[in-house]
Amino acid sequence: MSEERETRLFMISPRSMLTPDQLVRMVHSFGDKALVKETCYGCLVEAPREEALAILAKVREKYPNEVFSKIRAYRCSDPRRCRAQHGTRPGFAQLEEEWALLSKIQYGLEQVEAGAKYNPKPEKKRLDVNAFKKICEVQ
């Protein structure tokens, strides 16, 4: 991938009502130089770096807690990864795990926006050895 172009992966949270088709249509409306490929989890966007970042900003503005993005190492339709060209799919298990966690991340972000505070559970204290002996000796 060159520094002039960037390929980004956009994943939709499982809790979102947004569909990959809706996301793709929205991304198409944001940039004319972008190559957009719909996937089962969202879409791939390949564009000049500035345009890709502008698209990312617009998607985050519209769906801040529902669509997540990261840079993809391979371009869209790269023969080493494209299944249409009998490429392999290493890393798919990682994407699947990340996708499963997105609903929890979305929930957490929504709670923070709602003003919820994090209250950690108090640490459990270790049981004293003598107290443990007393428990064991009681019949």
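Glu98 comes out as partly exposed, with 24% relative accessibility. In this predicted model, Glu98 pairs up with Lys70 through a salt bridge, with 2.8 Å from N to O. Glu98 belongs to helix α3 and Lys70 to strand β4, so this pair ties together parts that sit 28 residues apart in sequence. Lys70 is partly exposed too, at 33% relative accessible area.

**Salt bridges**

- How many salt bridges does the structure have? The count comes to six, and the Glu98–Lys70 pair is one salt bridge you can look up.
- Glu6 and Arg49 make another salt bridge, and their closest N and O atoms are 2.2 Å apart.
- Why does the pair of Glu6 and Arg49 tie together parts that are 43 residues apart in sequence? Glu6 lies in strand β1 (residues 5–12), while Arg49 lies in helix α2 (residues 49–62), so the link runs between a strand and a helix.
- Is Glu6 buried or exposed? Glu6 has a relative accessible area of 4%, and because buried means under 20%, Glu6 counts as buried.
- Its partner Arg49 is partly exposed, with 35% relative accessibility.
- Glu110 bridges to Arg15, with 3.1 Å between the closest N and O atoms.
- Since Glu110 is in helix α3 and Arg15 is in the loop between β1 and α1 (20–30), this pair ties together parts that are 95 residues apart in sequence.
- Both ends of that bridge are partly exposed: Glu110 has 27% relative accessibility, and Arg15 has 41%.

**A small network**

- Which residues are joined into one network by salt bridges that share partners? They are Glu6, Arg8 and Arg49.
- You've already met Glu6 and Arg49 as a salt-bridge pair.

**Helix α3 and its surroundings**

- Helix α3 covers residues 92–113, and Leu101 lies in it.
- Leu101 is partly exposed, at 46% relative accessibility.
- Where do you find a nonpolar patch? Leu101, Ile105 and Leu109 form one on the surface, and together they offer about 240 Å² of accessible area.
- Gln106 is also found in helix α3, but Gln106 counts as buried, with 3% relative accessibility.
- What does Gln106 touch, leaving out residues up to four places away in sequence? The contacts are Ser13, Arg15, Ser16, Asn65, Glu66 and Phe68.
- Arg15 therefore turns up twice here: Gln106 touches it, and Arg15 also ties its loop to helix α3 by pairing with Glu110.

**Strand β4**

- Strand β4 spans residues 67–71, and Ile71 has its place there.
- Ile71 is partly exposed, with a relative accessible area of 46%.
- Ile71 and Phe10 are 61 residues apart along the chain, and their C-alpha atoms are separated by 9.0 Å.

**Cysteines**

- How many disulfides does the structure hold? It holds zero.
- Cys40 is exposed, with a relative accessible area of 65%.
- Cys43, on the other hand, is buried, and its relative accessible area is 0%.

Key
Residues numbered from 1 in each chain as written. Predicted model: local features only at pLDDT ≥ 70, side-chain atom pairs only at ≥ 80, totals over all residues. Heavy atoms only, no water. Patch = residues over 30% accessible without salt bridge, like charges linked within 9 Å, V, L, I, M, F, W, Y side chains within 5 Å. Areas by Shrake-Rupley, 256 points an atom, 1.4 Å probe, with all protein chains shown as cover. Salt bridge = Lys/Arg side-chain N within 4 Å of Asp/Glu carboxyl O. Helix = DSSP H or I, 4+ residues; strand = E, 2+ residues; numbered from the N terminus. Buried < 20%, exposed > 50% of the residue type's maximum accessible area, 1.4 Å probe, protein only. Disulfide = S-S within 2.5 Å. Contact = heavy atoms within 4.5 Å.
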